[in-house]
Every structure is written in C-alpha cells, then in structure tokens.
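Student: I would like to go through this structure slowly, asking at each step why a term is used and what supports it.

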Amino acid sequence: IAEYTRRYGWTFRTIDERQLQTGWFDSDRFFELDIQLSDTFVELRVTLFEGMHMEWLKSPELLCYLMGFNANIKMVRLGLDEGGAIILSCDLSRQDLTYEVWEQTLGVLGYYSSFLYRDCLRQFWHFGLPSTTLQPL
C-alpha cells in the first residue's frame with residue numbers, strides 16, 4: 001500500500017504497521033485519508049465533517065438525504081461514525097489488489113469527497129443547520 005501510494009504521487013505518514021495517513025487538497029479544503037490494513041482488507045476512510053453534535057434521529061429528513069447517496073454512488077459508502085462524523089469509506093480486498101485498482105479507488109474517493117462535501121454544505125444550509133454544528137476538517 002505504501003508503494004502504491006508513493007507511485008500515485010502522494011506522501012503519507014505511517015502511524016503504525018497497520019495504519020497510514022495521507023490526503024489531498026482541492027479547491028475547498030484538505031481531505032485527510034486514513035488507511036487501515038487488516039490481514040484481508042484495506043479500509044480507506046475520509047472524514048467529510050467532524051463531530052456533527054446533533055441527534056440524528058431528530059433530523060430524519062437530513063439523515064435520509066445523507067443515506068440516500070448510498071443508493072446512487074459506486075464503490076464507496078457514506079456513513080456516520082460513533083462520534084457523529086460524516087465519513088466516506090471504501091473496503092478493498094488485499095488478495096487481488098493491483099496498482100490500477102488502487103489508482104481508480106483514490107480517484108473515486110477524491111471525486112465523491114469533493115462532490116459530497118459541497119453538496120452537504122448546501123443541504124445543511126437548506127435544512128437550517130447552524131454553522132456551529134458544522135466542523136469540516
């Protein structure tokens with residue numbers, strides 16, 4: 001994974017033998033990519049918004065809007081972590097992982113991260129979320 005990431009042209013930080021961190025800038029912000037390695041999978045995770053500090057069950061329209069993306073996006077999934085952060089993630093099998101698959105996956109994560117970040121900001125404004133609720137990284 002480290003070699004594929006270098007070949008892609010990105011630098012990274014090794015957290016431990018099973019975790020790397022890297023990321024990229026687009027026109028709006030820096031997106032950090034956390035890479036977790038297990039014996040069988042590589043989990044890639046981008047945090048779009050940190051700790052939303054809200055009770056999601058009291059905002060069913062917004063929750064349905066966010067989860068509705070999963071029916072329309074390919075290769076990746078949008079979700080919430082235990083701290084309320086909105087994350088975009090993808091799991092890859094280590095068994096048949098090639099550089100071409102790695103390259104395609106990073107491109108898909110980059111595209112959807114940028115698109116979903118901007119679209120979520122518009123929808124949060126539409127749903128009347130106060131700016132103090134939003135904490136992009």
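The conversation below moves from the overall fold to single residues.

Student: What should I know before we begin, and how many helices and strands are there?

Tutor: Please keep in mind that this is a predicted model. The protein has 3 helices and 6 strands, and from the N terminus on these elements follow one another in the order α-β-β-β-β-α-β-β-α. Of its 137 residues, 44% are buried, while the accessible surface comes to about 7,800 Å², with 52% of that area belonging to carbon and sulfur atoms. Among contacts with a separation of 6 or more, 57% join residues 24 or more positions apart.

Student: What makes a set of residues a nonpolar core, and which residues have the most contacts inside the largest one?

Tutor: The term asks for buried residues of the nonpolar kinds, joined through side-chain atoms within 4.5 Å. The largest such set here has 34 residues, and those with the most contacts inside it are Leu33, Leu44, Leu48, Leu88 and Trp102. At least two residues each come from strands E2 (19-25), E3 (30-37), E4 (41-49) and E6 (86-93), and likewise from helices H2 (60-68) and H3 (99-126). H3 gives the largest share, 10 residues. As a general background, nonpolar side chains in soluble globular proteins tend to be buried together.

Student: Which residues does leucine 88 contact, beyond its neighbours within four places in sequence?

Tutor: Leaving those neighbours aside, leucine 88 is in contact with Leu44, Arg45, Val46, Leu48, Ile73, Val76, Arg77, Leu78, Leu109, Tyr112, Ser113 and Leu116.

Student: Serine 113 appears in that list, so how do you know whether serine 113 is buried or exposed?

Tutor: Serine 113, which lies in helix H3, has a relative accessibility of 0%, and because buried means under 20%, serine 113 counts as buried. Apart from residues up to four places away in sequence, serine 113 touches Trp24, Phe31, Val46, Leu48 and Leu88.

Student: What makes phenylalanine 31, one of those partners, buried or exposed?

Tutor: Phenylalanine 31 is found in strand E3, and its relative accessible area of 0% is set against the limit of under 20%, so phenylalanine 31 is buried. Not counting residues up to four places away in sequence, phenylalanine 31 touches Thr22, Gly23, Trp24, Asp26, Val46, Leu48, Ser113, Ser114 and Tyr117. The C-alpha atoms of phenylalanine 31 and tyrosine 117 are 9.9 Å apart in space, although 86 residues separate them in sequence.

Student: Why are H2 and H3 called roughly antiparallel?

Tutor: Their axes come within 11 Å and cross at roughly 165 degrees. Angles over 145 degrees count as roughly antiparallel, which means that H2 is roughly antiparallel to H3. Their crossing is right-handed, and Leu62, Tyr65 and Leu66 in H2 meet Asp119, Cys120, Gln123 and Phe124 in H3.

Student: How do you know whether tyrosine 65 is buried or exposed?

Tutor: Tyrosine 65 has its place in helix H2, and its relative accessibility is 18%; since the limit for buried is under 20%, tyrosine 65 counts as buried. Beyond residues up to four places away in sequence, tyrosine 65 touches Asp119, Cys120, Gln123 and Phe127. From C-alpha to C-alpha, tyrosine 65 and glutamine 123 are 8.5 Å apart, with their positions 58 residues apart in sequence.

Student: Why does methionine 75 count as partly exposed, and what is said of its phi?

Tutor: Methionine 75 sits in the loop between H2 and strand E5 (77-80). Its relative accessibility is 39%, and because buried means under 20% and exposed means over 50%, with partly exposed in between, methionine 75 counts as partly exposed. As for the backbone, methionine 75 has a positive phi of about 75 degrees although it is not a glycine. In general, most residues other than glycine have a negative phi.

Student: Serine 59 is in a loop too, so how is it decided whether serine 59 is buried or exposed?

Tutor: Serine 59 lies in the loop between E4 and H2. Its relative accessibility is 17%, and as buried means under 20%, serine 59 counts as buried. In space, serine 59 and phenylalanine 127 are 9.1 Å apart, C-alpha to C-alpha, and in sequence they are 68 residues apart.

Definitions and conventions: Residues numbered from 1 in each chain as written. Predicted model: local features only at pLDDT ≥ 70, side-chain atom pairs only at ≥ 80, totals over all residues. Heavy atoms only, no water. Buried < 20%, exposed > 50% of the residue type's maximum accessible area, 1.4 Å probe, protein only. Helix = DSSP H or I, 4+ residues; strand = E, 2+ residues; numbered from the N terminus. Contact = heavy atoms within 4.5 Å. Areas by Shrake-Rupley, 256 points an atom, 1.4 Å probe, with all protein chains shown as cover. Axes fitted to C-alpha atoms, helices over the stretch in contact; angles between N-to-C directions. Parallel < 35°, antiparallel > 145°, perpendicular 65-115°, else oblique. Left-handed = near helix turned anticlockwise from the far one by under 90°.
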